[in-house]
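Student: I have a protein model open and want to learn to read it. Can we go through it step by step?

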Amino acid sequence: MNTAEQRLARWAVAAIVILIVGSVVLCFIPPTEVAQHESSAVTDISVAELSAIAIKNQSGGFGLVVEPQGVSILDVADVPLSASALKVFVYQLAHLSAERVIGVPDHWKEFGLETPDTYAVLLRADGSRIRLYLGNQSPLEDGWYLRREDSDTLYLVSDQIADMMRYTVNDFRNLQLFAGVAANQFTDFSYIKIQRAGDEVVVQCDTTDETLHFTVEKPFQATLDWQTAVQTLLTPLTKVEPIRFVSDSKPLSYYGLDQPLYHMEVSYGGQTSRLVFSHADELHYYCAAENDTTVVKVEKADFAFLDVRATDLLGTSLYARTAAETENVTIVSSDKRYSVDFTGQGTALQGTCGNRLLSQQEVVKLYGQLTNIPIAEELPYGQELTAKSFVTLVFTMRDGTVDTVALVPLSERRCAVVVNGQATHTTYLASAREILNAATLFLGK
């Protein structure tokens, strides 16, 4: 075979391979897509045009009555329903958009749409209707197949839409874990208590002149950094929601909630919520109010604060207050004594030490250095403190309370931090020296 014949042979083989591969790929290509400009809107009607919605799925079915004053479920009694959840459900079905418009298939059977058992019927006030059928989950991409009764177009809709069409009445229950708690509204918290095996964290919340103030009461007493407490505990707590109703007819012991992994107690706006949690699966907890058989599922990731330690809330310092809360600080060492008074707020904040006046910038810098007490390690339980305090700070707050912070040497590098007579952690002796140096720099003669 000459060179030209060899080239022709190779081209022939290549062409055959391309045809074979192409035919295999085509077997997996979904039905022909419609033109890119075709709208992905499945429904787009005003809620005011609707009179009712009927849902049928494998769990049964239910009917919604749509009226100007709100949405209700037919023949449902003694079940607390969420008015907002009902409104959202109706709105989303009335304005349903597909993730993708697939095209016009040759057969509906391969998409689970020949005789579907899940569908929604939107009834208009004029008597006309729109019927939506939900088919199989797509094996090739995220989403589910859907069609309208009056159309030959095949749509791909999101998991969220598919979940909605498989709702039961229980998915509209008014489920609130923490009574009265509103997102990003922190001033109404009184206390938060978390109990788990062999451990308990209790955080007290106070508001003075619109200023948030947090203290940990157990397992030790300390003033908390308010920003850390808000970010780590309060903000995620105000945003959690149950993801699914589970049951209200079985005892808590059926879900392991009679011996829970966690107890949580939250006092907010004069109302107290007491919840228990148990393991449901890798991603979820079962959750219920104590002495209530209503059980829901929640995501473990949303409740990471159940494992928060008191030290996680301390921030960068073992003592956290602000100059705006403080009336006076007195600093005492073996051979020095300084006292500074604070007045004003914001840019009018100032400090007075004898005849010396400190500006707002100087006050902020001084106060930051006086309260810079980093955590070194936990103090062994029962350890005796025999040395004299290297430096003691007495904080008199504007509300009349007094905090005493003493730094007591333990070694050449560490000292115990004694806050109001209680020592649970150590800091660095170098930090104690920096506090005394700052006081001497700003307040010394």
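Tutor: Start with a term: accessible areas come from the Shrake-Rupley method with a 1.4 Å probe. This is a predicted model. The protein exposes about 24000 Å².

Student: What share of that exposed area do carbon and sulfur atoms supply?

Tutor: Take the exposed area of the protein, about 24000 Å². Carbon and sulfur atoms supply a part of it, and that part is 49%.

Student: How many helices and strands are there in the protein?

Tutor: The chain has 445 residues, and 42% of them count as buried. Its elements are six helices and 26 strands.

Student: Are α5 and α6 roughly parallel or roughly antiparallel?

Tutor: Two packed helices are described by the angle between their axes and the distance between the axes. Helix α5 covers residues 360–370 and helix α6 covers 429–443; their axes are 8 Å apart, at an angle of about 155 degrees. Angles over 145 degrees count as roughly antiparallel, so α5 and α6 are roughly antiparallel.

Student: Which residues of α6 does α5 meet?

Tutor: Begin on the α5 side, with Glu362, Lys365, Leu366, Gln369 and Leu370. By class, the contact of the two helices has seven nonpolar, one polar and two charged residues. On the α6 side, the residues met are Ile435, Ala438, Ala439, Phe442 and Leu443.

Student: Is the crossing of α5 and α6 left-handed or right-handed?

Tutor: This describes how one helix is turned relative to the other. For α5 and α6, the crossing is left-handed.

Student: Which residue does a cis peptide bond join to Lys218?

Tutor: Most peptide bonds are trans. Here omega is about 5 degrees, and the bond is cis. The partner lies in the loop between β11 (211–218) and β12 (222–223). It is Pro219.

Student: Is Asn291 buried or exposed?

Tutor: Asn291 sits in the loop between β16 (284–289) and β17 (295–299). Its phi is positive, about 65 degrees, although it is not a glycine. Exposed means over 50% relative accessible area. Asn291 has 79% relative accessibility, so it counts as exposed.

Student: What does Asn420 count as?

Tutor: Asn420 also has a positive phi, near 50 degrees. Its place is in the loop between β25 (414–419) and β26 (422–428). Buried means under 20% and exposed over 50%. Asn420 is at 42%, so it counts as partly exposed.

Key
Residues numbered from 1 in each chain as written. Predicted model: local features only at pLDDT ≥ 70, side-chain atom pairs only at ≥ 80, totals over all residues. Heavy atoms only, no water. Axes fitted to C-alpha atoms, helices over the stretch in contact; angles between N-to-C directions. Helix = DSSP H or I, 4+ residues; strand = E, 2+ residues; numbered from the N terminus. Parallel < 35°, antiparallel > 145°, perpendicular 65-115°, else oblique. Left-handed = near helix turned anticlockwise from the far one by under 90°. Contact = heavy atoms within 4.5 Å. Nonpolar A, V, L, I, M, F, W, Y, C, P; charged D, E, K, R; others polar. Buried < 20%, exposed > 50% of the residue type's maximum accessible area, 1.4 Å probe, protein only.
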